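I opened my notebook to look around this structure, one spot at a time. Here is what I wrote down.

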Amino acid sequence: MSQSIITAAAERTKVPTMTKRTLPPGPPHRLFGLPLLRQLHRDYLGEVQRMQASYGDAVFTRIAQETIYDFFRPDWVREVLVDQARNFIRRERFTQVFAEVHGQSVLVTEGDVWQRQRRMLQPGFGPKRMDGYAQHMVAAAHQALDALPPQATQTLDFEHMVTQLTMDVVLRTLFSQEITPAVRQQAVAAEHAVRVISRAGMEAFYWPASLPDWLPHKWKLGHAKRVLDGLVRHHISQRRQTHPSAPHHDLLAMLLAVRDEGDEGGDGGTLSIEEVRDQCMTIFLAGHETTAAALTWWGHTMASHPACAQRARQEVDTVLGGRAPSYADLPALPYLAQTLKETMRLYPPAPALINRRAIQPVQIGPWQLPKGAMVRITPWVMHHDPRWFADPQRFDPERFSAAGQAAQERGAYMPFGAGPRVCIGQLFASTEMALVAAMVLQRFTLAPADTAAPQPVLNVTLRPAQGLRLQLLRR
Ligand code: HEM
């Protein structure tokens, strides 16, 4: 991000106080918005940041039939996602794109169906279940780190390693799947399929309708969908046919057993098998790509800030004394958690593409939005705004100490979203990241392998454009 963008954003602190019936400022509407669409396609995050610098905290654009409002002030963003959440749904194009892969899962549904699914799934992601998942996470990290070559120093494709590791974690926590060499092959095929699906999803965001299935790149997508669908259905049918009564402590067992017994009007019913399939698909996809992105960027920040890495390592050594971490150890590792939070501020794994559609006229801040207006939220912009985070390009875990957090602008930090549709896997992901990070620090000192800093690109999740290679020095 250029300094001029930061400065211009900092200067735009004037707050309109009255209801504005006029539209927020924005770029001129030309050629149905196609030039703007092209710019967004080329560099989404940079373009949105430039819009904030040029027009302020509320920006209006029109692309084809869409009237779009971008909001960049934390209080206005909270109004959309939290206080007035009932006046919005997810944008249909988003749900359409995701439904092609996720079916009708909690990520996609709206209204009563979503509420029922969310109510049923929530306990499966609560603190009571974390200890069990943490054991799977530690086992997966052991296996991944033990498999690294024994040399004292090695250069490693760190992004690939943590992506495989987070996939192992999801296979273990979802299906109790041990990672044998045969399963490893399946996992590699699944990893490839996930990438194809992510890329296609990202492309599809920019088109108003799905392209026909006979186009060549759709074949690849079709194949990728079949790979993942086959994997998920195989596990469900195996569980139902061969081990219906064997006790399992994984997410699939929870999904097959859960009843809608919420205090807020549960109907006592179970999830249909199709619903179980859809939730598995979402947990599988949402549950590992984002976490892999976060751990990748954490590897980069630790390699490039040795003093912070050293402090985190000392904490890990003092608390664990060389033994493997558990869920119960995590409250005793606050500085480690701070390094992860600060990494997700600088490099939010889900930096954009939080979209909503107003289902009735609604007022956000001083702006009156008509029914049907689309709202875009871009955490990336708030996370890099010097009004909320001084010297925003600087990596500083102290921002997330108790005092630092107390001084933070409410709602300016939202890597997991906010409101009723906040990430259901927040605790799961934070637990996994902290356990893996502790185990990496116990074994290795990280250092950059390349001189050029990795460039973040948006590909549904935020990834380094050229992957991330790191030097690992055994301790
Ligand atoms: C660092 C890791 C993660 C990040 C940064 C992240 C980020 C997010 C964000 C920003 C949203 C909200 C989207 C919106 O409001 O439109 C979301 C929703 C969601 N996330 Fe995550 N996520 C992470 C990990 C996970 C994990 C591990 C799981 C499951 C195991 C998961 C499952 C979900 C689901 C199911 C939703 C949709 C919830 C709903 O609509 O009710 N996520 N995530």
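**Around the ligand.** I started with the ligand in this predicted model. I found 22 residues around the ligand, and G287, T290, G417, C423 and G425 come nearest. Next I looked up which elements give two or more residues to this shell: they are α12 (273-286), α13 (289-304) and α18 (426-443). Then I sorted the shell by character and got 14 nonpolar residues, six polar and two charged.

**The sheet.** I turned to an open sheet of five strands and followed its order, β1-β2-β8-β5-β3. The pairing in this sheet is mixed. Why is one side of β1 and of β3 left without a neighbour in the sheet? I noted that β1 (58-63) and β3 (88-90) stand at the edges and each has a single partner strand, so one side of each stays free of a neighbour in the sheet. I also checked the twist: on average, neighbouring strands are turned by 30 degrees against each other, direction ignored.

I picked one pair for a further look. Strand β2 (residues 66-71) pairs with strand β8 (residues 374-377) in the parallel sense, over four bridges. Here I saw Y69 standing opposite V375 in β8.

**Two helices.** I reminded myself that two packed helices are described by the angle between their axes and the distance between the axes. For helix α7 (residues 127-146) and helix α8 (residues 158-175), the axes come within 9 Å and cross at roughly 140 degrees. The crossing is right-handed. On the α7 side I listed residues including Y133, H136 and M137, which meet α8 residues, among them M161, Q164 and L165. The residues of this contact divide into nine nonpolar, four polar and two charged.

Technical notes
Residues are numbered from 1 along each chain as its sequence is written. This is a predicted model: local features need pLDDT of at least 70, side-chain atom pairs count only at pLDDT 80 or more; totals for chains, interfaces and linings use all residues. A residue is near a molecule or strand if its C-beta atom, placed from the backbone, lies within 6 Å of it. Ala, Val, Leu, Ile, Met, Phe, Trp, Tyr, Cys and Pro count as nonpolar, Asp, Glu, Lys and Arg as charged, and the others, Gly among them, as polar. Two strands pair if DSSP finds at least two bridges between them. Axes are lines fitted to C-alpha atoms, for helices over the stretch in contact, and angles run from 0 to 180 degrees between N-to-C directions. A crossing is left-handed if the near helix is turned anticlockwise from the far one by less than a right angle, and right-handed if clockwise. Two residues are in contact if their C-beta atoms, placed from the backbone, lie within 7 Å.
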